[in-house]
Amino acid sequence: MTAIARLEIIPVREERMSDQIAAAINALDQFDISYELTPMDTVIEADDVSEIFAAAEAAHDAIDEDRIITSLEIDHQPDREQHTRDRVDAVENELGRSAQG
C-alpha cells in the first residue's frame with residue numbers, strides 16, 4: 001500500500017452514534033481499500049490515494065445528520081510499499097528489545 005489514512009467521522013447528536021458509524025463503514029466497502037475500525041477512528045490503506053479521498057467522501061455522505069465532523073489524515077508515500085501492520089510490528093519489536101535490555 002502506498003497510502004495509510006486515519007478517518008474520523010462524528011455525527012453530532014445526543015444519542016448513540018453506532019448506527020450512523022455503521023452506515024459510514026458500509027460505504028467504505030464500495031472502494032478498493034482495506035480498513036480497520038478502532039474505538040476512536042478507522043484506519044484505511046490503499047494503493048491509490050485518490051481511493052482514500054473517494055472512500056472518505058462516501059463515508060461522510062452516508063451519515064444522515066444535520067451536523068457531521070470529519071477528519072482525515074493521510075500518509076502518502078508513492079515510492080514506498082507500506083502497511084499498517086508493518087508499523088505496528090516495528091513498534092512491538094522495539095518494545096520486545098527494550099523489555100529484554
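What follows is a conversation about a predicted model of a protein chain.

Reader: Before any details, how many helices and strands does the protein chain have, and in what order do the elements run?
Author: The model is predicted, and its secondary structure comes to 3 helices and 4 strands, which from the N terminus on run β-α-β-β-α-β-α.

Reader: What are the rough dimensions, and what share of the residues is buried?
Author: Taken along the principal axes, the C-alpha atoms of the protein chain fill a box of roughly 50 × 30 × 20 Å, and of its 101 residues, 27% are buried.

Reader: And what about contacts between residues far along the sequence, say at least 24 apart?
Author: If one takes the contacts between residues at least 6 apart in sequence, 69% of them join residues at least 24 apart.

Reader: Let's go inside, then. Which residues of the largest nonpolar core touch the most other members?
Author: That core has 16 residues, and those touching the most other members are Leu7, Ile9, Leu28, Ile33, Ile44, Ile52 and Ala59. Two or more residues each are given to this core by strand S1 (3-11), helix H1 (18-28), strand S3 (42-46) and helix H2 (49-61), and the largest share, 5 residues, comes from H2.

Reader: Take Ile9 first: is it buried or exposed, and what does it touch?
Author: Ile9, which is found in strand S1, has a relative accessible area of 12%, and because the limit for buried is under 20%, Ile9 counts as buried. Not counting residues up to four places away in sequence, Ile9 touches Ile21, Ala24, Ala59, His60, Ile63, Ile68, Ile69 and Thr70. As for His60, its C-alpha atom is separated by 6.7 Å from that of Ile9, although the two residues are 51 apart along the chain.

Reader: And Leu7, what are its contacts?
Author: With residues up to four places away in sequence again left out, Leu7 touches Leu28, Asp41, Thr42, Ile44, Ala56, Ala59, Thr70, Ser71 and Leu72.

Reader: Back to H2. How does its reach compare with what is expected for 13 residues?
Author: From its first C-alpha to its last, H2 reaches 19 Å, which is close to the 18 Å expected at 1.5 Å a residue.

Reader: Which residues of H2 are buried, and where do they sit around the axis?
Author: The buried residues in H2 are Val49, Ile52, Ala55, Ala56 and Ala59. They lie on the same side of H2, because the arc they cover around the axis is only 115°. On the other side of H2, Glu57 and Asp61 are exposed, while the cover over the buried residues includes S1, H1, S3 and strand S4 (68-76).

Reader: H1 is in that list, so how do H1 and H2 pack?
Author: H1 and H2 pack at an angle of about 145°, their axes being 8 Å apart, and their crossing is right-handed. Ala24, Ala27 and Leu28 of H1 make the contact with Ala55, Ala58 and Ala59 of H2.

Reader: One last change of topic: where does Asp32 lie, and is it buried or exposed?
Author: Asp32 lies in the loop between H1 and strand S2 (34-37), and Asp32 counts as exposed because its relative accessibility is 60%, the cut-off being over 50%.

Reader: Which residues is Asp32 in contact with, leaving aside neighbours within four places in sequence?
Author: Those are Ala46 and Glu51. Asp32 and Glu51 are 6.8 Å apart in space, C-alpha to C-alpha, and 19 residues apart in sequence.

Definitions and conventions: Residues are numbered from 1 along each chain as its sequence is written. This is a predicted model: local features need pLDDT of at least 70, side-chain atom pairs count only at pLDDT 80 or more; totals for chains, interfaces and linings use all residues. Side-chain values use heavy atoms; hydrogens and water are left out. A nonpolar core is a set of buried Ala, Val, Leu, Ile, Met, Phe, Trp, Tyr and Cys residues joined through side-chain atoms within 4.5 Å. Buried means under 20% relative accessible area, exposed over 50%, partly exposed in between (1.4 Å probe, protein chains only). Contact means heavy atoms within 4.5 Å. The expected span of a helix is 1.5 Å times one less than its number of residues. The arc is that of the directions from the helix axis to the C-beta atoms. Axes are lines fitted to C-alpha atoms, for helices over the stretch in contact, and angles run from 0 to 180 degrees between N-to-C directions. A crossing is left-handed if the near helix is turned anticlockwise from the far one by less than a right angle, and right-handed if clockwise.
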